[in-house]
Amino acid sequence: MPALTIKNKTYHYPEGTLFLDIAEEYQADYPDDIILVRYQNNLRELFKEVEGDGELEFVTTAEKSGRNTYRRTVTLIMEAAAYELYAAGRCGCDENECIIAERAETQSNISADQGIAGHVEKTEKPGKVSASQIRVIVQHSLGQGYYCEFRDGDRFLPADDARILELKEKMQELVRRDLPITKHSVRTQEAIHYFHSCGRDDKAGLFRYRRQSRVNIYDLNGYHDYYYGYMAPSTGYGGQFDLIPYQKGFMLMFPDRDTHAVARFRPMDKLFRIMDDSAAWGESMGVRTISELNDAIAAGRIQELILVQESWMEQKIGGIAEEIAGDLRKKVVLIAGPSSSGKTTFSHRLSIQLTAHGLRPHPISLDDFYVNREDTPLDENGEYDFECLEAIDIPLLNRCLSDLLEGKEVTLPVFNFRTGYREYRPQPLKIQDGDVLVIEGIHGLNEKLAADLPRNCKFKIYISALTQLNIDSQNNLSTTDTRLFRRMVRDARTRNTSVRQTLARWPSVRCGEEKNIFPFQEEADVMFNTALIYELAVLKCYVEPMLFSVEPGCPEYEEAKRLLKILDYVLPVPGDYIGHNSILREFMGSGCFHI
């Protein structure tokens, strides 16, 4: 009988025992729902079985992996509810012959050989999809929720209150019924045929470029779908959510990390507009999902795509520069954004555009105003808190800015990240009429940063890598992951930091962003998206070998494995294709700016 180590004690369970049954024994010990387990150094779903000796840990919705599983489960419930309401994505074969439909009626599991495989045998040539194609598309992540839209085939469908309420009530019904969520492995080619027959080419295209011979498909009450990551064992786990009308669609809201109640939605109209604009551009280029990006790479279109997006981005930067140049009162441009947004390169490119408009810009990095390493405040874990405002020498910064605006000559600092100490520029700076200070750093939108300066002399810009590319129509790519890929590449190259160190540090970085950056983002005069639709394919060549170096058993292994799975979806693109003034060069190196 297998021996399981649970909380430093050994227990024996029969082989084949469900983790769900074991979790129920210990649920009372945890304030949050147990939604996964960690078994033999790997995450496992609760409907899996004990296979031998090993250490067993319970993963609750308080952990990142648990929260992601919860969000994924609620999203599946939403899609299954839409399927029941609108017959969304129903396959094109005769329902009397379709094994998928038969299984949905009986709510039976689908085996690899008798389910989708049997379905494909009867539909060697995928039929036409049904006339009813109303589906829910997950577009962007906003705060503690997802922005979603209704689509009727390829046509946008306005989300009226009645339809949103109808969907919400159906989701609540599925939760009350506590229906099982099952997973089955099918041959990749069979999954491609099945999803293509359903008119879900984003799914079919995703599998086309995968090397694995099999893929996992989830089944919820006859609705079948592929999801990136793990699921809860039943719909009863997904009761905390809300649907709130917003813009052209609605927000699917999840629980707040601290209160555990459904998070209150705070509209972020400026952020939404910039994300929606980027998504529309990607759609106009025919690249909205990873499969479409892979199609462009395989077809030899990637160089054209790179050139077009860089040109589009340059036009956007030029428009910002024109707005600044149109107001002579603006003497200080403050650029803020979360870690690895590309603030430094953006500030240089903006400076070039400002120069083209007859101004003389002077780029300044807030990182150069860090206090010396030993003076850096510590966080609650006793680690250096580089993200807090107090890590910046605010008095020195305010003094330098005030002196410069008064026409005084100032010697500015330069922070040496390798030594942890402040140094100084060899040449002092003195500004005159037509000069503009371009200051970038994570705290740029915080009024405490340059409190001594009048508001009308400042122009605030918020930038971030707001990924417009999705895995498919239900699985969005996290903007946080995009920035993490960037940071791993940059830190290894410029800060002598291993990928394990970057991964270990990342939760603290994210916590600092939640406190110090995101609360101020809507105060920006303009927003700018630095995400490049092809960058994941480029960064893959750099970061994938680093992630493979993280060995099983390391605390960072689980996260490294998750990130490697994302990269596995994407075809690689050589870094040689990237221009020397691109945002990506800030992380890859060999850029034309001195960073």
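This tour visits two places where helices pack against each other.

The model is predicted, so that local features need pLDDT of at least 70 and side-chain atom pairs count only at pLDDT 80 or more, while totals for chains, interfaces and linings use all residues. Residues are numbered from 1 along each chain as its sequence is written, and side-chain values use heavy atoms, with hydrogens and water left out.

**First stop: H2 and H5**

Select residues 64-86, helix H2, together with residues 161-177, helix H5, whose axes come within 9 Å and cross at roughly 115°. That angle makes H2 roughly perpendicular to H5 (65 to 115 degrees; under 35 counts as roughly parallel, over 145 as roughly antiparallel and the rest as oblique). The crossing is right-handed, meaning that the near helix is turned clockwise from the far one by less than a right angle. Now show the side chains in contact (heavy atoms within 4.5 Å), which include Val 74, Ile 77 and Met 78 of H2 and Leu 167, Lys 170 and Met 171 of H5. By class, this contact holds 12 nonpolar, no polar and 5 charged residues.

**Second stop: H8 and H10**

Move next to residues 269-284, helix H8, and residues 302-325, helix H10, which pack at an angle of about 150° with their axes 12 Å apart. The two helices are therefore roughly antiparallel to each other, and H8 passes H10 in a right-handed crossing. Select Asp 277, Ser 278 and Trp 281 in H8, which meet Leu 305, Val 308, Gln 309, Trp 312 and Lys 316 in H10. Colouring by class shows 4 nonpolar, 2 polar and 2 charged residues in this contact.

Terms used. Axes fitted to C-alpha atoms, helices over the stretch in contact; angles between N-to-C directions. Helix = DSSP H or I, 4+ residues; strand = E, 2+ residues; numbered from the N terminus. Nonpolar A, V, L, I, M, F, W, Y, C, P; charged D, E, K, R; others polar.
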